[in-house]
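Got your viewer open? Here's a short walk through the structure, one selection at a time.

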Amino acid sequence: MKKILSLILAAIMMLSILASCASKKGTDDSATTEGGSAIVTDTPTEKPTEAPTTGSQDPPAVPDGASLYSGKPDTSWYTGDQNEYTLTSADQLMGLMQLRENSSTDNPLTFEGVTVKLGCDMVFNSGSLEEILARGFSNYLWPELHSKRTFNGTLDGQGHTVYGIYMSIYNSGYKGIFGCSNGNVTVKDLSIKNSYVGTGTDSTGVKEAVGGLFGRIEGEGSTVTFSNVSVELLLEERDCGYAVNKMGGFVGSLNPKDSTVILENCSFSGKVTSTGEYVGGMVGFLSNASMNLTVKNCVNTGEVSGKYYAGGIAGRMTVRDFAMSDCKNEGTVKADGAAGYLYGIVSVTKDPNGGARPTPAEGESSVRIMSYNVRFNLPTANGAYTQIAYNRINAAKQEILSYDADIFGIQEDNGQWSSLLIFDEYKVIQDNSLPTGMERTSLYYKKGMNLLDGGTIWLTESGTYGECSALKVSDLFEEGGKYQMSAKDLEVLRINKNTPESYFAEQLSDYVDYKTGQVVQCKNGKYRLLNNYARNATYGVFNVDGQIIIAINTHLQQRTVAGEYSNDAVQKLRENERLKQLEYIKTFIDEMLKKYPDAEIVMTGDWNDTAFSNVYNVICKDYGFAHAAFSTENKYGVHGSSNTAFDNDAGHTDNSAKEGGFGDYLDYVFVTDGFNVLKALTGDGKETVTLPDGSKQVVYTSDHLPVIADLAFKKGSNTDTPTNPENPTPDGASVYSGSPDLSWYDPANPKSEYILTTADQLMGWIYLRNQQGQSGNILTFENVTVKLGCDMVINAGTAEELSERNAFMLNMWPMLHSSYVFKGTFDGQGHTVYGIYMKLDSGAKGIMGVLDGNAKIQNVTFANTCILGPDVSGKQDIGMLAGKVNKGADVTISNVTIDGLFKEGAEKVAYVGGFIGQVDGKVENDVANSAKVTLINCEFKGSIECGEKSQEIGGFIGRAMRASSITLTGCTFSGAVKGTSACGSLVGYANSNADRPAVLTDTDCTYTGTVNGTAASEAPKKGR
């Protein structure tokens, strides 16, 4: 009798409260799941009636063999002395709930160690979910259990289905169909269908942890398993003016300590709707730093919506170890922020196995991906790197190598990092045409990986560097457009349709071109916000065990600004810029998928936005990426990736590790759904390095943390994928691996002769000269001979093929600054170097850079050479062998053949030669300071192609200045020269109208090639 009275009182209280609450319609009255069954067309309009009694509803139609609930719980089956019970009626299952409800909260009946089986299908309320919702409280009500009346046993559905549960929760905290658990619990081989759980009728109660099956599962040292469980229900937060956090189709909050959690072969359909945080198709809040989690073959086909942290599988996960495989989301996920394909956000604590890789399942392979913003500013003093810089570089190398990633993306590489962050184990894709000081992204990959394509894309309208910004002013005025700014913001920025000027007009209207040092006026209504350069992304296409993987690494528009620019209008403008940059990445992805339709995609980078941003939501919701990993909790700070403990500008000049906070999440790894995330973790961001005095120092490499994800995928069958065009490698030739080898050179023990026996060593020689020059210690190799010990291949393919391939999938020959001169002897010993590729910028440029002193180049052939001219105007001194011979030099070139191609870039060029761009010479105070060049038995058999307004183009020499002396003996010109004015087979222009003209002498030379361009009387040898 007491029990009946308590039920009646509870129903009366519920009815009175519901009368004061507004009814809530579904977010989409006709929504259906994508690829799933139909979901709710309308949520219940609460019109409470009297509490149901036995026989209060019409006799329902039930599935064949199913047991229909009579309205009377049956507890007679329970004896208390068995470890297994089989329930054969719906009345007995409701009896299980009553037994638990009637037990004491101090000593609850938990069924610990007991297995409860279902012997048949069971129906508690008949009809479709729509019909059940229409009846409202005329249905049989499912009881809500106190959170301490836990279930710690095994519920084995034996393949049966429970229909028509209707649960209206009065106190919206720690509630679910089976209550809560704080021990070992297993639910298996069970389906729930046509069911409803509504929460939130008591505005004073606890407002969290509500799930379809369990409200909360906690405990310590336990095992939680959901296996072969299917849940189809509507779990909703009714609108009474407050939010319910931690809602999931299976469990609201799952956080057992030092425990193992397994979800396998499970599915959710229907809806989970909340205005709160942490909402998931299966679990809302899955969080304990000591938890080991496995999610396998699980799918969501329902609709999940919340304010923040929403995912098809889980809203938020913070675990110790994490393995997910064969999971997918076929439903929809909606949230204002941190909405993910499979999960809204995941935080994986420091791996107890020290970064050991998990083992993929049979038939699968795996790849380890890493992203790291290394912070570009390496401090220098007097033109040389400081010890702080080397400490950071060494720390970065140690940390990067410790994780042994297959592919990793670096952000804030400004050229200093590229020249010093060299690994024997990796090749790198990067834009080597950018000068030191300009930021770029770099994508590293292990040697031996099958690279099909790669390069850099510029996140601008034209897809090129030479633009100010991704956005146009007109974008901001598009009516109803994505980037539409408020009138107030536009007023702050002083931007209008007619005069695209700004509060920081000099910043919006022009910018400094790092390549030229010139101020460039933005055109066509574009502006560059507050950056001096366009942003880019680096990509690589790989065939990994038959699966095509496209890796993209980027760094989006800066997020914050200081001083007078720090206002809401600027922040909105910057967000718009990031969104526009994302559009260019998406366009690129769409184009790549036309070429590689079965590819899976992984994106790394510093995205400069949080998980609550529009940028994050576009990637995860609109583009369908799963969020694999992000910079997470670190014992030196709180959650986040921006490490405020590293702050050189604030006085931490040693960059040593300091206790401090980590800011917002900015760094992520995003993946498409063909990947299973086996593990996600974050590096410490710090390493111990040894200082020159032998002491140790703990160093932060950067103000960001490295982010690592282990991704599993099914092995593919792509055996006929496109390959790079290439010629057969000559017998015995050394092929460049992509990593320069500098180990042969010991600065403490210099030699007078070196023999380079690999292409890696040859590239190392160029890198060595470049490095030393950047540090202010120019390595000229004066009185030193450098020899080749074999043929070498830098890039496979003809010169024409190289010119047509994507430049950044090629191994680019470094461009030496005109000050990094060569004064020694380079002896090819009769060998050939194939496939040198250069994309020029400003300054004197050529394979050898600039020649000075008594430099000698001899006994070598440069075949299939491809040099592409710059895309900026006014560039000169370009030679396929050397850009320039300095005045005062006496250079000898003998037995050298050049066979290749020079193509002018977007702008005109001058002083271009098949061997040398310009031979310098000068008369000062009536004293000649001449440059002397001697060519013996040399041949140019390549092609120089220049366009309109190009001038002074020669088969051997582009320009011979005053007082210079050029002697050719036994040389042959069998190539082609094309230009506009002053073009010749020997020299384009030789100074002849001064008191000390250039002197040209050729003996036993032949000129059988072609010259197209105006020439003087000595044509075709001399242009003028």
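**Stop one: around Leu756**

Select Leu756 and show what surrounds it: beyond the neighbours within four places in sequence, Leu756 is in contact with Trp744, Gln761, Leu762, Trp765, Val786, Lys787, Leu788, Gly789, Cys790 and Met792. Keep in mind that this is a predicted model. Leu756 itself belongs to strand 45, which covers residues 753–756. Is Leu756 buried or exposed? Turn on a surface and check: its relative accessible area is 0%, and because under 20% counts as buried, Leu756 is buried. Now add Gly828 to the selection: it sits 72 residues from Leu756 along the chain, and the two C-alpha atoms are 9.7 Å apart.

**Stop two: an open sheet**

Next, switch to cartoon and pick out strands 50, 53, 56, 63 and 68: these five make an open sheet in that order, with parallel pairing. Strand 50 (850–851) and strand 68 (987–990) are the edges; each has a single partner strand, so one side of each has no neighbour in the sheet. Zoom in on strand 50 and strand 53 (residues 882–885), where two bridges join the strands in the parallel sense. Here you'll find Val850 opposite Lys884 of strand 53.

**Stop three: the nonpolar cores**

Which residues touch the most other members of the largest nonpolar core? Select Phe124, Phe214, Phe226 and Phe250: these are the ones, in a core of 97 residues. Then move to another core, lying apart from that one, with 77 residues including Ile422, Met815, Val860 and Val977. In soluble globular proteins, nonpolar side chains tend to be buried together.

Notes: Residues are numbered from 1 along each chain as its sequence is written. This is a predicted model: local features need pLDDT of at least 70, side-chain atom pairs count only at pLDDT 80 or more; totals for chains, interfaces and linings use all residues. Side-chain values use heavy atoms; hydrogens and water are left out. Two strands pair if DSSP finds at least two bridges between them. Helices (H or I, at least four residues) and strands (E, at least two) are DSSP runs, numbered from the N terminus. A nonpolar core is a set of buried Ala, Val, Leu, Ile, Met, Phe, Trp, Tyr and Cys residues joined through side-chain atoms within 4.5 Å. Buried means under 20% relative accessible area, exposed over 50%, partly exposed in between (1.4 Å probe, protein chains only). Contact means heavy atoms within 4.5 Å.
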